[in-house]
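Notebook open, model loaded. I'm jotting things down in the order I looked them up.

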Amino acid sequence: GSKVEGASHRSSDLHTINSHLDTRNLLHTSLLTHLRMEEAEMGCCVCQERYDETRTPRNLGCGHSVCTPCVQEIINRNRKCPECRRPFYATMASALPVNYPLLRLSRTLAALSLQQGQQAAAGPSTSSTRSPRKADAGECAAHVSRLVMRCMPCKVWVCKECLVMDHVVPPDGNCLILPVDQALEEMKKSHMEIISTMYLTLQGLKNEVANEIAQLENNKSLHDDTVSSLRQILQGELDVIQEVEAKKKEATDKMSEVDSWVESLKEAEAGILKAATVRELANAKLAARDCLANVETQVQREKQRQTSVNMTVPQFGPQNLRGVLQMVKMMYVVDESNGERKWARVSVHDCLLHLHVLTHNPPPPTSLIFS
């Protein structure tokens, strides 16, 4: 019983499948018949040729359409519709509007007919296979067609309808039309050239920055040398300050020693004034003479010391002297030969030291003086 029931179900399924196949074949046959009927109406009423990109349908204003070459012949002849004989007043075929719906319908029927012919030639085994879709850039907003080309000078994607009036190729126009694949390659090439140019620009900028770094390093080296020279000058000045402090202390001690000499002279003077007899006066004079001799000796020694102190000035090398001259506006040298003192100004011109003429006129008090 179960086997009979299963066989019955299988028979019912086969019947349903066959019914669907018959319905599909009937619809397919009806579609082909309709397409053949429509295709017969998709041609020019004058030349009987199908509308395409070279034979675009032109609307004559009365509702009828004729292909562009036939319209030009009608314009040259009588300017009347070949079907309703209504006149139109265009002087050239391009002045009449293109019947885009009719052109798209004609192209669609042509594509369907071509596909049907290819499927019939290929046989049943390959009827289900589909050809790869042609690359495009989307849908044209103006003509509702696929954007399968690009106008390179205008830099826009175009459909086949756009080529009729908006983008004219040479010799009548200047547009260069390329398929999507070639346009993509050209666009890639253009972008790569822009990127390569930017690479070269960045490399040049990098070289300029490297040169700037080298110049800054050289400038830093010069400043380091200047700082080193100034440090040497500063160290020399610090040494001089220590020496001056030592001599100042020595002079302070000498001041106390001079005070003691004054006190001894005062004592000798008091002894002479207090002498009441010849003997006391002789002894006081003898003591005063020894005191005067001692003081005279100390005075001579002090004068020699002061002379040596006045002759001691800081010594500068050529590099240090140039650095000091760049910071000090007035610098003088002193010459004390032949028992007289003369001064000469020192200045810097073109990185060279210049010694001016020796004169007896002393420099300003704020000047730097060295021997």
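**Entry 1: a salt bridge to start.** I began with Glu336 and Arg341, whose side chains meet in a salt bridge at 2.4 Å, N to O. The term here stands for a side-chain nitrogen of Lys or Arg within 4 Å of a carboxyl oxygen of Asp or Glu. Glu336 is partly exposed at 29% relative accessible area, and Arg341 is partly exposed too, at 38%. My cut-offs: buried is under 20% relative accessible area, exposed is over 50%, and partly exposed is in between (1.4 Å probe, protein chains only).

**Entry 2: ground rules.** Note to self: this is a predicted model, where local features need pLDDT of at least 70 and side-chain atom pairs count only at pLDDT 80 or more, while totals for chains, interfaces and linings use all residues. Residues are numbered from 1 along each chain as its sequence is written, and side-chain values use heavy atoms, with hydrogens and water left out.

**Entry 3: the remaining charge pairs.** I counted nine salt bridges by this rule. In general, side chains of opposite charge can pair when their charged atoms come close. Salt bridges with shared partners join Lys254, Glu257 and Glu302 into one network. Within it, I looked at Lys254 with Glu302, where the closest N and O atoms are 3.9 Å apart. Lys254 sits in helix H5 and Glu302 in helix H6 (residues 278-311), so this pair ties together parts 48 residues apart in sequence. Are these two buried or exposed? Both Lys254 and Glu302 are buried.

I also checked Glu243 and Lys247, which form a salt bridge at 3.3 Å, N to O. They are four residues apart in helix H5, so about one helical turn separates them. Glu243 is partly exposed at 36% relative accessible area, and Lys247 counts as partly exposed at 23%.

**Entry 4: the chain as a whole.** I found seven helices and nine strands in the protein chain. Both kinds are DSSP runs numbered from the N terminus: helices are H or I with at least four residues, strands are E with at least two. Of the 371 residues, 21% are buried. The chain exposes about 26800 Å², and carbon and sulfur atoms supply 57% of that; accessible areas come from the Shrake-Rupley method with a 1.4 Å probe, and for residues only the protein chains shown count as cover. I looked at contacts as well (heavy atoms within 4.5 Å). Among those between residues at least 6 apart in sequence, 43% join residues at least 24 apart.

**Entry 5: nonpolar cores.** A core here is a set of buried Ala, Val, Leu, Ile, Met, Phe, Trp, Tyr and Cys residues joined through side-chain atoms within 4.5 Å. Which residues of the largest core touch the most other members? Of its 15 residues, they are Cys44, Leu60, Val66, Val71, Phe88 and Leu96. Strand S2 (65-67) and helix H2 (68-77) are the elements that give two or more residues to this core, and H2 gives the most, with four. I followed Leu96 outward: leaving out residues up to four places away in sequence, Leu96 touches Arg58, Asn59, Leu60, Val71, Phe88 and Ala90. There is a second, separate core of 10 residues, which includes Leu147, Val148, Cys151 and Cys162.

**Entry 6: cysteines.** How many disulfides does the structure hold? Zero, with a disulfide taken as a pair of cysteine sulfur atoms within 2.5 Å. Cys44 is buried at 0% relative accessible area, and its sulfur is 3.6 Å from the closest cysteine sulfur, in Cys67, too far for a bond. Cys159 also counts as buried at 0%; its closest cysteine sulfur is in Cys162 at 3.4 Å, again too far for a bond.

**Entry 7: a surface patch.** I then looked up a nonpolar patch on the surface, formed by Met192, Ile195, Met198, Tyr199, Leu202, Leu205, Val209 and Ile213, with about 790 Å² of accessible area together. Patch residues have over 30% relative accessible area and no salt bridge; like charges are joined within 9 Å, nonpolar side chains (Val, Leu, Ile, Met, Phe, Trp, Tyr) within 5 Å. I picked out Ile195, which is in helix H5 (residues 180-274) and is partly exposed at 39% relative accessible area.

**Entry 8: one histidine.** My last lookup was His354, found in strand S8 (residues 352-355). At 33% relative accessibility, His354 counts as partly exposed. Not counting residues up to four places away in sequence, His354 touches Arg345, Val346, Ser347 and His349.
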